[in-house]
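This briefing introduces the structure to a reader who has not met it before. Please keep the sequence and the model at hand while reading the points below.

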Amino acid sequence: MSTLYIVATPIGNLDDMTFRAVKTLKEVDVIACEDTRHTQNLLTHLEITGKRLIACHAHNEAASSQGIINLMEQGLSVAYCSDAGTPGVSDPGSRLVRAVREAGFTVVPIPGASASVTLISASGLSGKTFTFEGFLSPKSGRRKTRLKELLDRNEAFIVYESPFRIIKTLEELKAIDDTRKLVLGREMTKAFEQFIYGTPSEVISQLKVVKGEFAMCVLPPEKQRDDEDAEEEA
């Protein structure tokens, strides 16, 4: 039975590729990917050659999924990689997984890097609950509304943001509640990795370089964090 392998790839540092992921990419017949050029660079780094690459991205995922199923019906095994991190987590891949399952084939995840989990590990968050929001709406009104909804939960939440909107998003957080602490990760695992901790105002004042990829963990209110820490100790 042909299998679709969902392969997590590094979010920056290529040495974060797992042994199992490398082995999988070497053994499959076809590699589907968000950007063939990006994945080819990764394969070159890993010294994997001679692989057939096909594009499967946000704009063609439905049609490409059927093409991948056709290949699997011919007995071929397929790996899917998004550009960075785990496919289907604020990345293409979920439609492909659904289509392949509905066609009766097996889907096997090959876990690895994830920007959200990487940020959580460096945030100091001790609570048991957090919301993964991913990318917020590019429209200011919708973004503000959603930020207020997330803040009103009094739980940690994680959002991804582009360098073009990160300051706007921080300013909107500041306007809604400038007491909530957050951890901002920039270019995680890369040469210029940076983590900034503080209120929205404090983070804005410390953010000197607005380049690269951003992930932000907004922490619960301080009293709630203290209560959760006490519960963990008990």
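In this predicted model, five strands form an open sheet with parallel pairing, in the order β3-β2-β4-β1-β5. Strands β3 (52-55) and β5 (106-110) stand at its edges with a single partner strand each, so one side of each has no neighbour in the sheet. On average, and with direction ignored, neighbouring strands of this sheet are turned by 25° against each other. A second open sheet, also of five strands, has the order β6-β7-β10-β8-β9, and its pairing is mixed.

**The parallel sheet in detail**

- Strand β1 pairs with strand β4 (residues 78-81) over three bridges, in the parallel sense.
- Which residue of β4 is the bridge partner of Y5? The partner is A79.
- Helix α3 (residues 61-73) lies across β1, β2 (30-33), β3, β4 and β5. The helix runs at about 150° to β3.

**Packing of α3 against α4**

- Two packed helices are described by the angle between their axes and the distance between those axes.
- Helix α3 and helix α4 (residues 94-102) pack at an angle of about 40°, and their axes are 9 Å apart. Because angles under 35 degrees count as roughly parallel and 65 to 115 as roughly perpendicular, this angle makes α3 oblique to α4.
- On the α3 side, the contact is made by E61, A62, S65, I68, I69 and M72. On the α4 side, S94, R95, L96, A99 and V100 take part.
- The crossing in which α3 passes α4 is right-handed.

**The loop residue D15**

- D15 is placed in the loop between β1 (3-7) and α1 (19-27).
- Is D15 buried or exposed? D15 counts as exposed, because its relative accessibility is 62% and the cut-off for this class is over 50%.
- The C-alpha atoms of D15 and G127 lie 30 Å apart in space, and the two residues are 112 residues apart in sequence.

**The mixed sheet and its helices**

- Strands β6 and β9 (194-198) are the edge strands of the mixed sheet. Each has a single partner strand, so one side of each is left without a neighbour in the sheet.
- Neighbouring strands in this sheet are turned by 15° against each other on average, direction ignored.
- Strand β8 (residues 182-186) and strand β10 (residues 214-218) run antiparallel and are joined by five bridges. G185 has A215 in β10 as its bridge partner.
- Helix α6 (residues 140-152) packs on the sheet and touches β6, β7 and β10. The direction of α6 makes about 155° with that of β7.
- Helix α7 (residues 166-176) also packs on the sheet, where it touches β7, β8 and β10. The direction of α7 makes about 10° with that of β10.

**Aromatic pairs**

- How many aromatic pairs are counted? The count comes to two.
- F132 and Y160 form an edge-to-face pair, with 5.3 Å from centre to centre and 70° between the planes. F132 lies in strand β6 (residues 130-135) and Y160 in strand β7 (residues 156-161), so this pair ties together parts that are 28 residues apart in sequence.
- F135 and Y160 also form an edge-to-face pair, at 5.6 Å centre to centre and with 75° between the planes. This pair links distant parts of the chain, with F135 in strand β6 and Y160 in strand β7, 25 residues apart.
- Ring pairs thus link F132, F135 and Y160 into a cluster.
- Within this cluster, Y160 is buried, with a relative accessible area of 8%. F132 counts as partly exposed at 30% relative accessibility, and F135 counts as partly exposed at 40%.

**The chain as a whole**

- The chain has nine helices and ten strands.
- Its C-alpha trace spans about 55 × 40 × 35 Å along the principal axes.
- Of the 234 residues in the chain, 44% are buried.
- Among contacts in the chain with a separation of 6 or more, 69% are between residues 24 or more positions apart.

Technical notes:
Residues numbered from 1 in each chain as written. Predicted model: local features only at pLDDT ≥ 70, side-chain atom pairs only at ≥ 80, totals over all residues. Heavy atoms only, no water. Helix = DSSP H or I, 4+ residues; strand = E, 2+ residues; numbered from the N terminus. Buried < 20%, exposed > 50% of the residue type's maximum accessible area, 1.4 Å probe, protein only. Pairing = 2+ DSSP bridges. Axes fitted to C-alpha atoms, helices over the stretch in contact; angles between N-to-C directions. Contact = heavy atoms within 4.5 Å. Phe/Tyr/Trp six-rings, centres within 6.5 Å; stacked < 30°, edge-to-face > 60°. Parallel < 35°, antiparallel > 145°, perpendicular 65-115°, else oblique. Left-handed = near helix turned anticlockwise from the far one by under 90°.
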